[in-house]
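Student: Got a minute to go through a structure with me? I'd like to ask about it piece by piece.

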There are 2 protein chains.
Amino acid sequence: MNKSNLYKGCLEPLVLKLLNDNGRMYGYEMTQKVKELTVGELTITEGALYPLLHRLEADGILTTEVESIGNRPRKYYKLTEKGEKQKSHALEELQNFMRTMQLLLHPQTI
Amino acid sequence: MNKSNLYKGCLEPLVLKLLNDNGRMYGYEMTQKVKELTVGELTITEGALYPLLHRLEADGILTTEVESIGNRPRKYYKLTEKGEKQKSHALEELQNFMRTMQLLLHPQTI
DNA sequence: ATACAATACATAACTTTCTTATGTATATTT
DNA sequence: AAATATACATAAGAAAGTTATGTATTGTAT
């Protein structure tokens, strides 16, 4: 596993968290934001991100607004009401999982 | 994601950690140990575990000793020297990843 | 002015890593 | 005697990524 790779399943909660905290974002913005915040430690690849965004939109978790910057289209995503619930659920689940893993990885526990 | 499901990629470090802390273990024992330690929160499925153990053995990360309990064979695994290094690497990587995720999931950071 | 890098989207082929289902056999408990 | 637990294994399919590639616009450096 490359240091810039995500453990699979963590991308969705991360995207939902980003949208929750920023109101709305476009895909490319998310990739840059995460790169910046993690000082290059984590890279969201576009090949993973865009299909995920499309799926979340199809599932009614996200809605989009396309804006044009000059002649270049930008697709903003935001959480729907269903998406807000899904965000809470996904984050709780990931946090809970990481708590459990931490417990298992602590030397004295096993 | 079911609560008993692992985020993909975490199983290998977990197995290496178990073997590191217990000297040697057999597959079924690992599934029971994790179930017990996490009070059922995490379940290692045999369909995921056995192929992983075979791969790690093929890669020289683990070695095996088969013992017979009555007429039933039991396959003990332990870390090789290469496996010890791989364990350190995998655990550091997972810990580092979880630290990064925690940072991203904290409200004030994004 | 022109080339290169950055921005911004998208998809397709492939890989990895699981889940679910199934199979076999022995040992233990009810 | 039947059901459950122990203990291994594999195969089909799904999920969720990677890598590669493509298109087009905009900004920057030579």
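Student: How do the residues of the surface near DNA strand C divide into nonpolar, polar and charged?

Tutor: They divide into nine nonpolar, 10 polar and eight charged. Here Ala, Val, Leu, Ile, Met, Phe, Trp, Tyr, Cys and Pro count as nonpolar, Asp, Glu, Lys and Arg as charged, and the others, Gly among them, as polar. A residue is near a strand if one of its heavy atoms lies within 4 Å of it.

Student: Before we go on, what kind of model is this?

Tutor: It's a predicted model, where local features need pLDDT of at least 70 and side-chain atom pairs count only at pLDDT 80 or more, while totals for chains, interfaces and linings use all residues. Residues are numbered from 1 along each chain as its sequence is written, chains are lettered from A and ligands numbered from 1 in the order in which they are written, and side-chain values use heavy atoms, with hydrogens and water left out.

Student: OK, which residues come nearest to DNA strand C?

Tutor: Of the 27 residues around that strand, Tyr28(A), Arg72(A), Arg74(A), Asn71(B) and Arg72(B) come nearest. Sugar and phosphate make up 66% of the atoms of DNA strand C that come within 4 Å of the protein.

Student: And which element gives the most to that surface?

Tutor: α3(A), with five residues. At least two residues each come from α2, α3 and β3 of chain A and from α3 of chain B. Helices (H or I, at least four residues) and strands (E, at least two) are DSSP runs, numbered from the N terminus.

Student: What does the side chain of Arg72(B) contact on DNA strand C?

Tutor: An N or O atom in the Arg72(B) side chain is 2.5 Å from a base oxygen of DNA strand C. A polar contact here is a pair of N or O atoms within 3.5 Å.

Student: Which phosphate contacts are there on chain A?

Tutor: Among them, an N or O atom in the side chain of Tyr26(A) is 2.7 Å from a phosphate oxygen of DNA strand C. Gly27(A) uses a polar backbone atom, 3.3 Å from a phosphate oxygen of that strand.

Student: Switching strands: which residues come nearest to DNA strand D?

Tutor: Asn71(A), Arg72(A), Tyr28(B), Arg72(B) and Arg74(B), out of the 26 residues around DNA strand D. Of the strand D atoms within 4 Å of the protein, 65% belong to sugar or phosphate and the rest to bases.

Student: What about phosphate contacts there, backbone or side chain?

Tutor: A polar backbone atom of Asn71(A) is 2.5 Å from a phosphate oxygen of DNA strand D. For Arg74(B), an N or O atom in the side chain is 2.3 Å from a phosphate oxygen of DNA strand D. A backbone N or O atom of Leu11(A) lies 3.5 Å from a phosphate oxygen of DNA strand D.

Student: Which element gives the most to the surface near DNA strand D?

Tutor: α3(B), with five residues. By class, that surface divides into nine nonpolar, nine polar and eight charged residues.

Student: Now the strands. How many bridges join β2 and β3 of chain A?

Tutor: Eight, between β2 (residues 62–69) and β3 (residues 72–79), which run antiparallel. Strands pair if DSSP finds at least two bridges between them. Ile69(A) has Arg72(A) as its bridge partner in β3(A). The hairpin has two residues between the strands, and Gly70(A) takes a positive phi near 65 degrees there.

Student: Which non-glycine in chain A has a positive phi?

Tutor: Val39(A), at about 50 degrees. Most residues other than glycine have a negative phi. Val39(A) lies in the loop between α2 (27–37) and α3 (46–58) of chain A.

Student: Is Val39(A) buried or exposed?

Tutor: Exposed, with a relative accessible area of 74%. Buried means under 20%, exposed over 50% and partly exposed in between, using a 1.4 Å probe and protein chains only. In chain B, Val39(B) also has a positive phi of about 50 degrees, and Val39(B) is exposed with a relative accessible area of 73%.

Technical notes: Polar contact = N/O pair within 3.5 Å; in protein donor to acceptor, adjacent residues only side chain to side chain.
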